[in-house]
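Visitor: I would like a close look at a single part of this model, followed outward from a turn in the chain to its surroundings. Please take it step by step.

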Amino acid sequence: MIRRMLVANRGEIAVRVARACRELGIEVVAVYSTADREAQHVAVADTAVCVGSAAPKDSYLNIPNLIEAARQTGADAVHPGYGFLSEDPDFAEVCAAEGLTFVGPPPGVMAELGDKAAVKGLMAKAGLPLLPGTDTPVDTVEDGERVAAGIGYPVIIKAAAGGGGRGMTVVPDSHEFRSAYLATRSAAHAVFRDSAVYLERFLVGARHVEIQVLCDQHGHAVHLGERDCSVQRRHQKLVEESPSTRLDDRLRAEMGQAAVRGVRSIGYTGVGTMEFLVGEDGRFYFLELNARIQVEHPVTEVVTGIDLVAEQIRVAAGEPLRLAQDDVRFTGAAIECRINAEDPDRSFAPAPGVLDRWEPPAGPWIRVDAGYRTGDRVPPHYDSLLAKVVAWGPERPVALARMDRALAELDVHGEGIRTTAGFHRAVLNHPAFRAGEHTIHFVDEFLNEEKGDGTS
């Protein structure tokens with residue numbers, strides 16, 4: 001078993017991983033930037049090492065500094081969390097070369113998954129349904145226009161190296177294709193250092209549903225049900241829930257089996273998430289495979305009772321899965337709201353500052369994963385996630401009522417600080433969401449309603 005874990009991340013996921021390690025008897029090494037010297041993830045660790053200045057490239061993305069921190073502290077494993085280097089095959093390979101257990105899939109598999117266009121080809125070979133589009137990069141505007149005309153508008157242009165909801169543009173018609181193609185390539189190069197893009201038909205009226213998978217190094221794999229992530233703004237997830245109101249038992253089982261078939265076909269190990277779109281007709285299509293623990297993993301933990309991070313660490317250490325598919329049980333409904341330091345009244349602009357008061361909600365069947373405490377500074381250098389509030393109920397209406405109560409209890413104040421809690425309450429009480437009839441277009445329609453422009 002792993003003895004000492006270096007957690008190569010910050011914020012709530014670093015705290016979450018540290019807690020799982022402690023329960024497994026693993027010592028925790030935190031890393032921090034100069035901006036995070038007093039952060040909670042440092043406080044919960046056994047040892048902490050400064051790995052650089054506030055800029056991520058100088059600290060949390062600095063591979064030599066992270067490896068040196070592991071060497072200095074005698075760590076024998078590295079957990080990357082999500083974001084930063086969590087899906088960087090070079091980092092995983094360096095860890096392996098240094099004799100460190102990397103908590104994630106093998107570097108070779110991760111490298112394959114880094115090209116999202118190529119992954120579509122791999123999943124097609126495994127028999128997973130795909131939307132019409134390309135599984136190789138589209139190199140010119142003219143080629144893109146020909147492909148788009150062939151598959152039909154609207155189309156979506158995606159960065160091949162994309163992730164986290166970035167590097168995607170929906171194109172409604174041929175008149176807007178050229179500018180959208182050039183802008184997406186430029187954005188992809190700026191964000192991912194790779195300008196390659198590919199095309200898919202954009203599925204109107206769809207739901208975004210993902211399947212959680214767990215695979216060991218001995219050929220065993222299970223799925224742990226779905227999370228519905230249709231409430232998104234600019235492809236960034238805001239609310240996640242399980243079960244999805246669009247799936248019935250037959251479709252749920254079919255998607256779970258497809259997800260397991262897909263990960264087995266490429267020798268995947270660890271936790272992972274197969275993302276799909278589900279159309280109004282109940283047909284589903286593979287989108288991408290995320291090779292990391294997801295932000296929204298607590299939703300699955302709450303409805304299955306399975307500690308995903310602990311299981312992820314166990315399989316990384318070489319242990320066989322401790323459960324078969326028939327052992328997985330789903331109980332009730334869970335919903336998660338991401339509480340971001342953003343101002344919804346200013347187009348969700350980041351709103352960092354000092355948390356003069358931070359009182360998270362509590363009470364029955366409420367879980368809060370946070371990386372901040374009263375007095376902490378929310379720095380402007382990183383993502384704006386403050387906390388995740390998760391509510392469970394024996395059925396969806398009860399979970400929604402508990403979430404509404406929890407969001408009302410959340411008490412956050414500080415100069416410059418704004419949060420998305422009020423926005424979430426409005427979304428969760430919208431008739432379309434309450435009825436479970438929302439789609440991936442819901443947030444845009446909701447914001448248009450709020451502005452009163454009648455375009456919804």
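Guide: Two strands are said to pair if DSSP finds at least two bridges between them, and a strand here is a DSSP run of E of at least two residues. With that in hand, and remembering that the model is predicted, we can begin with the hairpin of β10 and β11, where two residues lie between the strands and arginine 234 takes a positive phi near 50 degrees. Strand β10, residues 221-233, runs antiparallel to β11 and is joined to it by four bridges. One of the bridge pairs beside the turn links arginine 233 with glutamine 236 of β11.

From the hairpin we follow β11. A residue counts as buried when its relative accessible area is under 20%, and six of the seven residues of β11 meet this condition, so the strand is largely enclosed by the rest of the structure. Strand β11 is also joined to β14 by four bridges, again in an antiparallel arrangement, and within this pairing valine 239 has cysteine 337 of β14 as its bridge partner.

Valine 239 also leads us into the interior. In soluble globular proteins, nonpolar side chains tend to be buried together. Here the largest nonpolar core has 35 residues, and those with the most contacts inside it are Val231, Val239, Ile335, Met403, Leu428 and Phe433. Among the elements that each supply at least two residues of this core are β11 (236-242), β14 (333-340) and β21 (385-393), together with the helices α12 (396-409), α13 (421-428) and α15 (442-451). Helix α12 gives the most to this core, with five residues. For a view from one member, consider leucine 428, which, leaving aside its neighbours within four places in sequence, is in contact with Val239, Ile335, Cys337, Leu400, Met403, Phe433 and Arg434. The list for leucine 428 thus includes Val239 and Cys337, which are bridge partners across β11 and β14. Apart from this core lies another, of 32 residues, among them Ala18, Ile26, Leu321 and Leu385.

Elsewhere in the model, a further group of strands can be read in a similar way. Three strands form an open sheet in the order β7-β6-β8, with antiparallel pairing, and its edge strands are β7 (166-171) and β8 (197-201), each of which pairs on one side only. Neighbouring strands of this sheet are turned by 25 degrees against each other on average, with direction ignored. Helix α8, residues 177-192, packs on the sheet and touches β6, β7 and β8, while its direction makes about 10 degrees with that of β6. Between strand β6 (residues 155-163) and β8 there are five bridges; among the bridge pairs, lysine 158 is partnered with tyrosine 198, and alanine 159 with valine 197. Strand β8 is mostly covered, since four of its five residues are buried.

A last stop concerns aspartate 343, whose place is in strand β15, residues 342-343. Its relative accessibility is 9%, and aspartate 343 therefore counts as buried. Neighbours within four places in sequence aside, aspartate 343 is in contact with Phe348, Ala349, Ala351 and Arg418.

Note on methods: Residues are numbered from 1 along each chain as its sequence is written. This is a predicted model: local features need pLDDT of at least 70, side-chain atom pairs count only at pLDDT 80 or more; totals for chains, interfaces and linings use all residues. Side-chain values use heavy atoms; hydrogens and water are left out. Axes are lines fitted to C-alpha atoms, for helices over the stretch in contact, and angles run from 0 to 180 degrees between N-to-C directions. Contact means heavy atoms within 4.5 Å. Buried means under 20% relative accessible area, exposed over 50%, partly exposed in between (1.4 Å probe, protein chains only). A nonpolar core is a set of buried Ala, Val, Leu, Ile, Met, Phe, Trp, Tyr and Cys residues joined through side-chain atoms within 4.5 Å.
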